[in-house]
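Biologist: I should like to learn how to read the main features of a protein model, one at a time. Could we begin with a single residue and work outwards from there?

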Amino acid sequence: MKIFKRPLLTLFLIGALTACSDDNNDSPQSITPEPGEPKDLTVERFIYRGLNEIYLYKADVAQLGDNYFASTEDRDDFLDNYDTPEDLFYDGLTAPQDRFSFLVDDYVELEKTFSGISTTTGMSYGLVRFSATSNDIFGYVRYVQPNTSASEAGVKRGDIFTQIDGQQLTVSNYQGLLNQNSYTLGFATLSESNISENGVTADLTQREYNANPIFIAKTLEVAGQKVGYLMYNSFVSDYDPELNAAFGQFKAEGVKELVLDLRYDGGGSVRTATDLASMITGQFPGQIFSKEQWNKDYQDYFESTEPERLLNKFNTTITNGEMINSLNLTRLFVLTTDRTASASELIINGLDPYIDVVQVGGTTTGKFQASVTLYDSSNFGRANANPKHTYAMQPLVLKSANANGVSDYVDGLIPDIEIFEDIENLGVLGDANEPLLKAALDVIQGNRRSISRDYKLFDPVAESSMNDLNYQRMYIDVLPGKVSE
């Protein structure tokens, strides 16, 4: 499958209008015209129709205006000016400020990601330059998923690698080398910012994997206090019962403080974020957790017919009806990096009006918009998608704000305590001495210590998940009916 996207944070709306249908899993018919035949604009018309209907930035793209084209022929002439659907989507119909909408040519593969399914070696990593002027890069392992090729090969957090199949990684070759189905990783040693190959290798293979986003959930004893630690890597609604069970365990163990580790969490379900906020608190049922702002047509429609549709409120149950296990906390510590995005930022921003949210780490991504998956059908739902192709798009459709109206944090959410991960000393996740966690625990113990910054920060190039379809996405559970109907 080809993935046509820019760096993204998405919100995928599903429900009655996007219910999956096995009838649509057949291979699409070809839409390539025979020589001499006119170009088939099926996909282009779908893209135009969807963006004209629900795109958040519709007002900023003149061609999406309802009366811009004098006739359908004029519109088709415009669509025919672009060589591919991708050219039309990115160069013709999305707004300049939109960095996050994206297009795919196979929605079947896209749908797998919504349940946390991906093809992976199991190794989460970052890639950085040797120096600011070097094109050579190296990777460092952030964490390894259990029962994967990487875990079986003994790869662990903090490992450094410089080569794939004996080739030095560079800014120009890393994508091709790391996207192979299998490869040999060549490790190195990093000491005082000096890197040297150490001769150790590991053979890795990409496999389909369903990742549990609850990576670590444990209770720590800190100066006589019970402190919960939750490393949560994605807001995947399929795992909401497990998330609720983790909070049930925290509650049973008498947790009075919580450190929520979202340093690598790119987002996910808005409903899950709302439920997680309710698990952390519990004393605000029915109050506003977040508000939604759509394009003018949709906003006016909701405000006049269904204003509650624009509000996400603290809950008492998760989607399967289970009662939420709430800790009733008045303070929360959140660990963040520039990888922290979307629903993760929603947790911080949404809870801020209600409790003391102490952010520890780095400034977050800065993503407050959300997108919707559109299929080529009369109502943009999955059930009757056009069998001629499997294109789908995720245009931005709304932005979120907290109960006080705070939104538009385009530059990210700034930490209260700034501390960056030291690649030479990443520490063990969940260990009380891991630097980011330790900074939070120090505050809990009344010691707002001075954070050491005597380590080198390397220039980032890429990370393992940035080409994943679920990279920095957010989604809600109900797709509204078309306002144009």
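Modeller: Let us start with Glu292, which is found in strand 15 (residues 288–294). Please bear in mind throughout that this is a predicted model.

Biologist: Is Glu292 buried or exposed?

Modeller: Burial is read from the relative accessible area, and a residue is called buried when that value is under 20%. Glu292 has a relative accessible area of 6%, and therefore it is buried. As for its spatial surroundings, the C-alpha atoms of Glu292 and Asn312 are separated by 8.1 Å, although the two residues are 20 apart along the chain.

Biologist: Which strands make up the sheet that contains strand 15, and in what order?

Modeller: Strands of a sheet pair through backbone hydrogen bonds, either parallel or antiparallel. Here 4 strands form an open sheet with antiparallel pairing, in the order 16-15-22-19. Strand 16 (311–313) and strand 19 (369–371) are the edge strands, each pairing on one side only. From one strand to the next, the twist averages 30°.

Biologist: How many bridges join strand 19 and strand 22?

Modeller: Strand 19 and strand 22 (residues 396–401) are joined in the antiparallel sense over 3 bridges. To follow the register, take Gln369, whose bridge partner in strand 22 is Lys399.

Biologist: What is the strand order in the open sheet with mixed pairing?

Modeller: That open sheet has 6 strands in the order 11-12-13-17-18-23. Strand 11 (214–222) and strand 23 (417–418) are at its edges; each has a single partner strand, so one side of each is left without a neighbour in the sheet. A parallel pairing is found between strand 12 (residues 225–232) and strand 13 (residues 257–261), which share 5 bridges. Val227, for example, has Glu257 in strand 13 as its bridge partner.

Biologist: Which strands does helix 8 lie across?

Modeller: Helix 8 (residues 270–280) lies across strand 12, strand 13 and strand 17 (331–336), and runs at about 155° to strand 13. Helix 10 (residues 343–351) lies across strand 13, strand 17 and strand 18 (356–361), running at about 150° to strand 17.

Biologist: Which residues does Leu437 touch?

Modeller: Leu437 lies in helix 11 (residues 435–444), and it counts as buried because its relative accessibility is 0%. Setting aside residues up to four places away in sequence, Leu437 touches Leu220, Tyr229, Val259, Arg263, Leu335, Gly430, Asp431 and Ala432.

Biologist: How does one check the length of helix 1?

Modeller: One compares the expected span with the distance between the end C-alpha atoms. At 1.5 Å a residue, the 13 residues of helix 1 (residues 42–54) should span 18 Å, and the end C-alpha atoms are 19 Å apart, which agrees. Helix 1 is also mostly covered, with 11 of its 13 residues buried. Among them are Phe46, Ile47, Tyr48 and Leu51.

Biologist: How many aromatic pairs are there?

Modeller: Rings are paired when their centres lie within 6.5 Å, and the count here comes to 23 aromatic pairs. One of these joins Trp294 and Tyr298 in a stacked arrangement, 5.8 Å centre to centre with 20° between the planes. Trp294 counts as buried because its relative accessibility is 3%, and Tyr298 counts as buried at 1%. Elsewhere, Tyr48, Tyr68, Phe69, Phe78 and Tyr82 form one aromatic cluster.

Biologist: Which charged residue sits over the ring of Phe100?

Modeller: The charged end of Lys367 is placed over that ring, 4.8 Å from its centre. Likewise, Arg309 lies over the face of Phe302, at 5.2 Å from the ring centre.

Biologist: What is notable about the phi of Ser342?

Modeller: Most residues other than glycine have a negative phi. Ser342, however, has a positive phi near 55°. Ser342 is in the loop between strand 17 and helix 10, and it counts as buried because its relative accessibility is 1%. Asp408 also has a positive phi, near 55°. Asp408 lies in the loop between strand 22 and strand 23, and it is partly exposed, with a relative accessible area of 43%.

Biologist: How many helices and strands does the whole protein have?

Modeller: The protein has 11 helices and 25 strands. Of its 485 residues, 54% are buried.

Definitions and conventions: Residues are numbered from 1 along each chain as its sequence is written. This is a predicted model: local features need pLDDT of at least 70, side-chain atom pairs count only at pLDDT 80 or more; totals for chains, interfaces and linings use all residues. Side-chain values use heavy atoms; hydrogens and water are left out. Two strands pair if DSSP finds at least two bridges between them. Helices (H or I, at least four residues) and strands (E, at least two) are DSSP runs, numbered from the N terminus. Axes are lines fitted to C-alpha atoms, for helices over the stretch in contact, and angles run from 0 to 180 degrees between N-to-C directions. The expected span of a helix is 1.5 Å times one less than its number of residues. Buried means under 20% relative accessible area, exposed over 50%, partly exposed in between (1.4 Å probe, protein chains only). Rings of Phe, Tyr and Trp (its six-membered ring) pair if their centres lie within 6.5 Å; planes under 30 degrees apart count as stacked, over 60 as edge-to-face and the rest as tilted. A charge sits over a ring if NZ of Lys or CZ of Arg is within 6 Å of the ring centre and within 35 degrees of the ring normal. Contact means heavy atoms within 4.5 Å.
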